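Good morning, and thank you for coming. Please take a moment to look at the sequence and the structure before I begin.

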Amino acid sequence: MNPRRQDAEPRERAPAALTAEVTHTTCLEMLLAAPCPDFPVLPGVCVLDYLRASAEAHPPAPGLRWCAVDRVRFLSAVFPGEELTVRLTWQRTGEDAWTGLVTASTVRGAAASARLRYAGEADR
């Protein structure tokens with residue numbers, strides 16, 4: 001016999017994190033690497049744009065707009081022509097506000113991470 005308590009309160013479960021993974025090939029930025037022909041490196045602003053574009057391609061809710069980059073860290077160089085894998089996890093931070101925790105890596109390891117803030121109509 002398995003008695004069950006009838007008066008137990010149901011527990012609210014935290015919503016599962018929304019995740020996505022995108023792989024980009026960084027091929028068109030060779031012109032941007034021209035100032036350093038001996039050691040062409042993808043500029044950090046281009047890596048950040050890949051992170052932002054990946055987040056906006058996989059939004060957790062419709063109508064979100066980018067508000068801020070709360071934090072960005074560049075961990076290693078990304079070379080033109082390398083594959084850049086972006087992993088994205090969304091966290092709800094308000095009624096219509098979301099934070100994207102985004103990381104980028106190459107075959108050599110972690111390249112960058114960022115915390116991107118997005119808001120919908122209710123939080124503007």
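Let me start with a question: leaving aside its neighbours within four places in sequence, which residues is threonine 99 in contact with? The model we are looking at is a predicted one, and in it threonine 99 contacts Thr89, Trp90, Gln91, Thr93, Arg115 and Leu116. Threonine 99 itself belongs to strand 4, which covers residues 97-106. Is threonine 99 buried or exposed? Its relative accessible area is 5%, and since buried means under 20%, threonine 99 counts as buried.

Let me now step back to the whole chain. The protein chain contains one helix and five strands. Read from the N terminus, these elements follow the order β-α-β-β-β-β. Of its 124 residues, 33% count as buried. The accessible surface of the chain amounts to about 8,500 Å², and carbon and sulfur atoms account for 54% of that surface. How are contacts spread along the sequence? If we take the contacts between residues at least 6 apart in sequence, 68% of them join residues at least 24 apart.

One of the residues I have just listed, Trp90, brings us to the aromatic rings. A pair of aromatic rings is described by the distance of the centres and the angle of the planes. The count in this model comes to one aromatic pair. The partners are tryptophan 90 and tyrosine 118: their ring centres are 5.4 Å apart and their planes stand at 75°, so the pair is edge-to-face. To reach that label, we need the cut-off that planes over 60 degrees apart count as edge-to-face. The pair links distant parts of the chain, for tryptophan 90 is in strand 3 (residues 83-92) and tyrosine 118 is in strand 5 (residues 109-119), 28 residues apart. Both tryptophan 90 and tyrosine 118 are buried.

I turn next to the charged residues. How many salt bridges does a search of the whole structure find? The search finds five, and I shall discuss some of them.

Let us begin in helix 1, which spans residues 44-57. Aspartate 49 forms a salt bridge with arginine 52, with the closest N and O atoms 2.6 Å apart. These two residues are three positions apart, about one turn of the helix. Arginine 52 also forms a salt bridge with glutamate 56, and here the closest N and O atoms are 2.7 Å apart. Arginine 52 and glutamate 56 are separated by about one helical turn, because they are four residues apart in helix 1. Aspartate 49, at 37% relative accessibility, is partly exposed, and glutamate 56, at 36%, is partly exposed as well.

Another salt bridge joins aspartate 70 to arginine 117, where the closest N and O atoms are 2.6 Å apart. This pair connects distant parts of the chain: aspartate 70 is in strand 2 and arginine 117 in strand 5, 47 residues apart. Aspartate 70 has a relative accessibility of 38% and counts as partly exposed; arginine 117, at 36%, is likewise partly exposed. Returning to the helix, salt bridges that share partners join Asp49, Arg52 and Glu56 into one network.

Arginine 52 has a further neighbour to show you. Which residue's face does arginine 52 lie over? Arginine 52 lies over the face of tryptophan 66, at 5.9 Å from the ring centre. Tryptophan 66 is placed in strand 2, residues 65-74. With a relative accessible area of 41%, tryptophan 66 is partly exposed. Tryptophan 66 also takes part in a nonpolar patch on the surface, together with Val69, Val72 and Phe74. The accessible area of these four residues together is about 330 Å².

Finally, I should like to compare positions along the chain with positions in space, using two alanines. Alanine 57 lies in helix 1 and, at 52% relative accessibility, counts as exposed. Its C-alpha atom is 9.4 Å from that of valine 22, a residue 35 positions away along the chain. Alanine 77 lies in the loop between strand 2 and strand 3 and, at 25% relative accessibility, counts as partly exposed. The C-alpha atoms of alanine 77 and valine 41 are 6.3 Å apart, although 36 residues separate the two along the chain. Not counting residues up to four places away in sequence, alanine 77 touches Val41, Glu82 and Arg108.

Thank you for your attention.

Notes. Residues numbered from 1 in each chain as written. Predicted model: local features only at pLDDT ≥ 70, side-chain atom pairs only at ≥ 80, totals over all residues. Heavy atoms only, no water. Patch = residues over 30% accessible without salt bridge, like charges linked within 9 Å, V, L, I, M, F, W, Y side chains within 5 Å. Areas by Shrake-Rupley, 256 points an atom, 1.4 Å probe, with all protein chains shown as cover. Salt bridge = Lys/Arg side-chain N within 4 Å of Asp/Glu carboxyl O. Buried < 20%, exposed > 50% of the residue type's maximum accessible area, 1.4 Å probe, protein only. Contact = heavy atoms within 4.5 Å. Phe/Tyr/Trp six-rings, centres within 6.5 Å; stacked < 30°, edge-to-face > 60°. Lys NZ or Arg CZ within 6 Å of the ring centre and 35° of its normal.
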